[in-house]
Amino acid sequence: MINPETDRVLITGAAGAIGTALRAGLRSHWRRLRLTDIRPVPDLADNEELVVADVTNRPAVEEMMRGVKAVVHLAGMVGSYTLEDLFRVNARGLFDVFESARLAGVERIVFASSNHAFGFYPITEKVSPALPPRPDTTYGVFKVWGETMLQHYFDRYGIRSVSLRIGTFRKEPIDQRSLATWLSPADVAHLVDVSLRHADPGCMVVNGYSNNTRLKTVDPNWATLGYRPKDNAEDHREALRTKGVDVDAPDRGEWEWPEHGGSFPRTPDRPPR
Ligand SMILES: NC(=O)c1ccc[n+]([C@@H]2O[C@H](COP(=O)([O-])OP(=O)(O)OC[C@H]3O[C@@H](n4cnc5c(N)ncnc54)[C@H](O)[C@@H]3O)[C@@H](O)[C@H]2O)c1
């Protein structure tokens with residue numbers, strides 16, 4: 001278990017959307033937070049320290065690991081990127097973060113994986129983390145690679161980890177798909193909190209979703225971890241309807257996208273060089 005009172009936790013990608021939600025949810029009870037991002041992080045609290053650095057800057061990453069007991073690795077290319085940047089940050093940068101953590105004696109890694117690690121499963125199939133990955137993009141392949149690295153670090157070095165296969169993280173659901181895949185700000189903070197506190201998660205892969213009525217995933221690891229999400233995308237259904245979203249289509253068994261990965265399996269994979 002990582003102790004919220006005494007142990008230092010490093011959060012990479014802390015200036016991003018999920019990093020901002022984690023800060024809001026964790027900083028009242030995690031007493032020693034070290035934040036890092038390539039961008040500045042605004043409005044630091046007394047128990048937050050900041051290191052502005054690129055995660056591919058290995059000496060800087062090794063330095064920021066000093067005195068750290070747990071790492072929450074969020075930093076990465078998301079959305080639009082070049083293939084080179086994807087390799088540099090999501091593969092090389094991920095390696096440098098995990099390897100520097102190992103060298104520094106870090107005991108717990110929580111990794112922002114993605115639903116795109118299993119995005120090619122049909123949406124009609126309830127997917128659990130026990131099934132083999134079916135990544136829908138090179139982005140998803142690197143998420144699986146991160147999970148595989150952590151399996152290796154567990155088997156070889158005994159480092160405990162939780163990989164979070166995050167669905168659609170937003171303040172609110174944004175479309176028909178996110179009625180099933182939404183992960184709310186409060187729930188992501190709760191999920192990271194229990195991933196850090198758990199006495200021994202081994203090397204766990206867990207789905208990162210809210211308590212959505214239309215979940216298309218099943219996950220026994222939620223109970224193992226003590227993850228009890230409170231938010232439900234269904235509570236935003238009427239708001240989505242007023243925005244013109246066909247929220248009744250899933251009741252008819254009609255999903256806009258036939259696979260778990262939404263649009264990803266159907267859009268060109270290779271980013272422009
Ligand atoms: N938002 C989602 O719905 C979602 C879904 C699945 C997985 N994820 C994963 O969660 C993580 C966080 O996502 P987010 O939505 O907060 O994205 P985001 O883009 O808002 O945040 C990512 C952060 O990483 C930082 N970053 C990028 N390259 C960096 C580098 N070379 N060095 C240091 N920092 C760098 C960015 O500055 C940014 O602040 C990502 O790894 C993403 O793949 C997010």
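## Pocket and cavity exercises

The lining of the largest pocket is made up of 21 nonpolar, 19 polar and 10 charged residues (Ala, Val, Leu, Ile, Met, Phe, Trp, Tyr, Cys and Pro count as nonpolar, Asp, Glu, Lys and Arg as charged, the others, Gly among them, as polar). This is a predicted model, in which local features need pLDDT of at least 70, side-chain atom pairs count only at pLDDT 80 or more, and totals for chains, interfaces and linings use all residues. Residues are numbered from 1 along each chain as its sequence is written, and side-chain values use heavy atoms, with hydrogens and water left out.

**Exercise 1.** Describe the largest pocket and say what sits in it.

*Solution.* Start with the term: on a 1 Å grid over the protein atoms alone, a pocket is an open set of points with protein on both sides within 12 Å along at least five of seven lines, a cavity is a set where a 1.4 Å probe fits but cannot get out, and lining residues have an atom within 4 Å of a point.

Next, the space: the largest pocket holds about 1,200 Å³ (a volume is the space filled by probe spheres set on the points, which are joined across faces, edges and corners). Among its 50 lining residues, Gly76, Met77, Val78, Gly79 and Tyr139 are the closest to its centre.

Then the elements: H1, strand S2 (32-37), helix H3 (83-103), S5, H4 and S7 each give at least two residues to this lining (DSSP runs numbered from the N terminus, helices being H or I with at least four residues and strands E with at least two).

Finally, the occupant: the ligand sits in the largest pocket (more than half of its atoms lie within 2 Å of the grid points).

**Exercise 2.** Work out which residues and elements surround the ligand.

*Solution.* There are 26 residues around the ligand, and Ile18, Asp37, Arg39, Leu74 and Tyr139 come nearest (a heavy atom within 4 Å makes a residue near). By class, this shell has 14 nonpolar, 7 polar and 5 charged residues.

Now place it on the fold: helix H1 (17-26), strand S5 (108-114), helix H4 (138-157) and strand S7 (168-169) each supply at least two shell residues. S5 has the largest share, with 3 residues.

Look next at the polar contacts (pairs of N or O atoms within 3.5 Å):

- Ala17: a backbone N or O atom lies 2.9 Å from a ligand oxygen.
- Ile18: a polar backbone atom is 2.8 Å from a ligand oxygen.
- Lys143: an N or O atom in the side chain is 2.9 Å from a ligand oxygen.

On its own, the ligand has 830 Å² of accessible area, and the protein covers 88% of this (Shrake-Rupley method, 1.4 Å probe).

**Exercise 3.** Compare the linings of the cavities.

*Solution.* The count is 2 cavities of 30 Å³ or more.

- The largest cavity has about 60 Å³ of space. His73, Ala75, Val89, Asn90, Leu94, Phe111, Phe142 and Lys143 line it, and H3 has the largest share, 3 residues.
- The second largest cavity has a volume of about 30 Å³, with Glu172, Pro173, His236, Ala239, Leu240 and Lys243 as its lining.

By class, the lining of the largest cavity has 5 nonpolar, 2 polar and 1 charged residues, while that of the second largest has 3 nonpolar, 1 polar and 2 charged.

Terms used: A polar contact is a pair of N or O atoms within 3.5 Å; within protein, one must be able to donate a hydrogen and the other to accept it, and residues adjacent in sequence count only if both atoms are side-chain atoms.
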